[in-house]
Amino acid sequence: QVQLVESGGGVVQAGASLRLSCTVSGRSFSTYAMGWFRQAPGKEREFVGAINWSGRNTDYADSVKGRLTISRDNPKNTVFLQMNNLKPEDTAVYYCAASLDYYNDNDIPLVVSRYDYWGQGTQVTVST
């Protein structure tokens, strides 16, 4: 059984930084592509960014490029989302997810349906 637990959310002012963590239990963490998604009230869950199994390749939503960075520490079964220069529109519940649905190093899953396991989410609130 694979379990994902996010942490690091909170309430911050616009312009601040946060680092979210997602720790994965179970074997074979290093074989999963890992993604971050977010969901604001009344909106659908949307892709934020993802990282391939090795950590060599990443992809981001246009709305967060240059502000958010994903990294992973495979020996510690953990993936991180560093968020800088936060904006009020970044307010949402942030979810990490794990996927085995990829073909090669360059194929990074970008949609909800390609992810097999999900965490419970962590709230990020950015005030003006």
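Here is a chat about the core, the charged pairs and a few single residues of a predicted model.

Biologist: I'm new to this one. Which residues have the most contacts inside the largest nonpolar core?

Modeller: Keep in mind that this is a predicted model. The largest nonpolar core has 34 residues, and those with the most contacts inside it are L4, C22, M34, W36, L81, M83 and Y94.

Biologist: And which elements give two or more residues to this core?

Modeller: Those are strands 3, 4, 5, 7, 8, 9 and 11. Strand 9 gives the most, with five residues.

Biologist: Let's take Y94. What is Y94 in contact with, away from its neighbours in sequence?

Modeller: Leaving aside residues within four places in sequence, Y94 is in contact with E6, L20, W36, F37, R38, V48, L81, M83, G121, T122 and V124.

Biologist: OK, switching to charges. How many salt bridges are in the whole structure?

Modeller: A search finds seven. One of them joins D105 and R56, with N to O at 3.1 Å. D105 is in the loop between strands 9 and 10 and R56 in the loop between strands 5 and 6, so this pair ties together parts 49 residues apart in sequence.

Biologist: Is R56 buried or exposed?

Modeller: R56 is exposed, because its relative accessible area is 59%. Its partner D105 is partly exposed, at 24%.

Biologist: What about R67, which residue does it form a salt bridge with?

Modeller: R67 pairs with D90, and their closest N and O atoms are 2.7 Å apart. R67 sits in the loop between strands 6 and 7 and D90 in the loop between strands 8 and 9, so the pair links parts 23 residues apart in sequence. R67 is buried, with a relative accessible area of 9%, and D90 is buried too, at 1%.

Biologist: Where do D101 and R114 lie?

Modeller: Both D101 and R114 lie in the loop between strands 9 and 10, and the pair ties together parts 13 residues apart in sequence. They form a salt bridge, with the closest N and O atoms 3.2 Å apart. D101 is partly exposed at 31%, while R114 counts as buried at 19%.

Biologist: Which residues do salt bridges that share partners join into one network?

Modeller: That network is made of R38, E46, R67 and D90.

Biologist: Now R72. Which side chain of opposite charge is nearest to it?

Modeller: That would be D73, but it is 8.4 Å away, and R72 is buried with no salt bridge. R72 is in strand 7.

Biologist: So which backbone oxygens does the R72 side chain reach?

Modeller: The R72 side chain reaches the backbone oxygen of F29 at 3.0 Å. A polar atom of that side chain also lies 2.8 Å from the backbone oxygen of N52. Beyond four places in sequence, the contacts of R72 include Y32, M34, W53, T78 and V79.

Biologist: T78 and V79, noted. What does S21 touch?

Modeller: Not counting residues up to four places away in sequence, S21 touches V5, E6, S7, W36, T78, V79 and F80. S21 lies in strand 3 and counts as buried, because its relative accessibility is 16%.

Biologist: Last topic, the backbone. Where is N77 found?

Modeller: N77 is in the loop between strands 7 and 8. Its phi is near 55°, a positive value in a residue other than glycine. Most residues other than glycine have a negative phi.

Biologist: And what is the phi of N85?

Modeller: N85 has a positive phi of about 50°, although it is not a glycine. N85 is in the loop between strands 8 and 9, and it is partly exposed, with a relative accessible area of 42%.

Methods:
Residues are numbered from 1 along each chain as its sequence is written. This is a predicted model: local features need pLDDT of at least 70, side-chain atom pairs count only at pLDDT 80 or more; totals for chains, interfaces and linings use all residues. Side-chain values use heavy atoms; hydrogens and water are left out. Helices (H or I, at least four residues) and strands (E, at least two) are DSSP runs, numbered from the N terminus. Buried means under 20% relative accessible area, exposed over 50%, partly exposed in between (1.4 Å probe, protein chains only). Contact means heavy atoms within 4.5 Å. Lys and Arg count as positive and Asp and Glu as negative; His and the chain ends are not counted. A salt bridge is a side-chain nitrogen of Lys or Arg within 4 Å of a carboxyl oxygen of Asp or Glu. A polar contact is a pair of N or O atoms within 3.5 Å; within protein, one must be able to donate a hydrogen and the other to accept it, and residues adjacent in sequence count only if both atoms are side-chain atoms. A nonpolar core is a set of buried Ala, Val, Leu, Ile, Met, Phe, Trp, Tyr and Cys residues joined through side-chain atoms within 4.5 Å.
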